[in-house]
Each structure stands twice: as structure tokens, then as C-alpha cells.
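Okay, thanks for making the time, everyone. Let me put the model up and then walk you through it.

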Amino acid sequence: AATQALVDGHGALRVALRLLAEHLRVRPATADDCERTHAWRNDPATRRVSLQQEPIAFEDHARWFARTLADPARQLLIGQVGPRPVGVVRLDRQGAPDAPAAEVSIYLDPALHGLGLGPALLRAAESQGARLAPPVTHWIATVRSGNAASERLFAQAGYARADDGIWHKHIPVSPSVDTHTERSRA
């Protein structure tokens, strides 16, 4: 009984996901992702570090999800390792067309915390932002005070914390980035 309480049978999956973290890709969210993202967002571990910590009713989440998918200023991305969804990134476009910015919000499947997927998910989202027309050059993240894991994530990704507690990162557009790529299908 003690062994069963310690072992959940998913260790091999977690090891495989950790080993494959660098192959993480993002795809636009679809209506099929609504229930999964709701469960991840309402998990106590996610809520504890979120700006809004109260549980969200599924009906409210479903309305928000539908509005988000329809909003051209937003991209909701699902991180995947192979066919396995592992996390969510929301990009909210801001700023002037000649200096496009995006606020990024990110969270993982709570069962996969500690596997090194957060940095890979953030890199994949930034890569997606570089393919938007115009490409995102200024990234913004709001991190709840005391959320050490997110602070480490953004610091290691090259974001700088401003006096207001907001994290910023500037990424110049690379000539190798195809700025004429069709806007993502999200």
C-alpha cells in the first residue's frame, strides 16, 4: 500500500517528456482544448501562482475560451511534445504596429511540473511570435509576487524585471525571420 501511494505508474512518461522537452512545439488551440485547459487552470498548483487565484466555473471559462479563439489580437497556443499536450501560452498583442508587443501568460499541465517544459514552452511561443506579421519584438510578462518558478523562468529566458514588477524582453527581428509569413491560423 505504501508503494502504491508513492508510485503512480507514470514515471516513464515523465522521463520521456523531460528527455523530449527540446522538441516541444506549439499549435493554435481549438475548441477541443477547452476542457483540458480549464482543468489545468483550476488545479490548486496553478491557481496558487496565478494573478487570479479563485476557481473559474467551466461555463465562464468556456465563454472566455470562445472569445479568445475569435480575438485576432490574441493567440492561444497549446504546447505539445509529440501528440501529448503539456501546457498553454496566451499571447495578447499590444503596442503600435511599428513596435509590436505581446503579453505572455503561460502554465503547464500541473502533473508535469519540474520536467523542464516551461523554458521549452516559452521558447516555442516566442518563436511563434517572431512569425506573426508584424513579428513581436517586445515581450511582457506579469508574474505574481512570490512565484519563484516563473521569476526564474523569465529571468533565464532573458527577461528583465522592471520597477513595476513587470518582466520585459526585447527581441530584435532577425533577417532570417520571414516577416511575410501568413498570420497564424489561431
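First, a definition, since I'll lean on it: I call something a salt bridge when a side-chain nitrogen of Lys or Arg sits within 4 Å of a carboxyl oxygen of Asp or Glu. Now the caveats. This is a predicted model, so local features need pLDDT of at least 70 and side-chain atom pairs count only at pLDDT 80 or more, while totals for chains, interfaces and linings use all residues. Residues are numbered from 1 along each chain as its sequence is written, and side-chain values use heavy atoms, with hydrogens and water left out.

Let's do the overall fold. There are seven helices and seven strands, where helices (H or I, at least four residues) and strands (E, at least two) are DSSP runs numbered from the N terminus. Going along the sequence, you read α-α-β-α-α-α-β-β-β-α-β-α-β-β. Of the 186 residues, 39% are buried; buried means under 20% relative accessible area, exposed means over 50%, and partly exposed is in between, with a 1.4 Å probe and protein chains only. If you like contact statistics, take contacts with a separation of 6 or more: 61% of them come from residues 24 or more positions apart, a contact being heavy atoms within 4.5 Å.

Now the sheet. In what order do the seven strands sit? The order is β1-β2-β3-β4-β5-β7-β6, in an open sheet with mixed pairing. Two strands pair here if DSSP finds at least two bridges between them. At the edges you have β1 (25–28) and β6 (160–161), each pairing on one side only. On the β1 side, four bridges join β1 antiparallel to β2, residues 74–81, and R25 has Q80 in β2 as its bridge partner. Over on the other side, β5 and β7 are antiparallel with five bridges, one of the partnerships being W139 with K169 in β7. Then β6 and β7 are antiparallel over two bridges, with A160 opposite H168. The hairpin of β6 and β7 has four residues between the strands, and G165 there takes a positive phi near 85 degrees.

Which helix lies across the sheet strands? That's α6, residues 117–130, which lies across β1, β2, β3, β4, β5 and β7. Relative to β4 (101–108), α6 runs at about 150 degrees; the axes are lines fitted to C-alpha atoms, for helices over the stretch in contact, and angles run from 0 to 180 degrees between N-to-C directions.

Back to those salt bridges. The count comes to eight. Take K169 and E126: their closest N and O atoms are 3.2 Å apart. K169 is in strand β7 and E126 in helix α6, 43 residues apart, so to speak a link between distant parts of the chain. K169 is buried, at 14% relative accessible area, and E126 is buried too, at 11%.

Next, R84 and D109, with the closest N and O atoms 3.2 Å apart. Because R84 is in strand β3 and D109 is in the loop between β4 and α6, this pair ties together parts that are 25 residues apart in sequence. D109 counts as buried at 8% relative accessibility, whereas R84 is partly exposed at 25%.

E151 and R161 also meet, at 3.0 Å, N to O. Their accessibilities are 21% for E151, which is partly exposed, and 46% for R161, also partly exposed. And R27, D33 and R36 are linked in a network of salt bridges.

Last stop, α3 and the pocket. In α3 (34–42), the buried residues are C34, T37, H38, W40, R41 and N42. Their cover includes α4, α5, β2, β3 and β4.

The largest pocket holds about 1200 Å³ of space. On a 1 Å grid over the protein atoms alone, a pocket is an open set of points where a 1.4 Å probe fits, with protein on both sides within 12 Å along at least five of seven lines, and lining residues have an atom within 4 Å of a point. Grid points are joined across faces, edges and corners, and the volume is the space filled by probe spheres set on the points. Which residues are closest to its centre? Of the 40 that line the pocket, they are T46, S50, S105, I106 and Y107. Elements giving two or more residues to that lining include α3, α4, α5 and α7.
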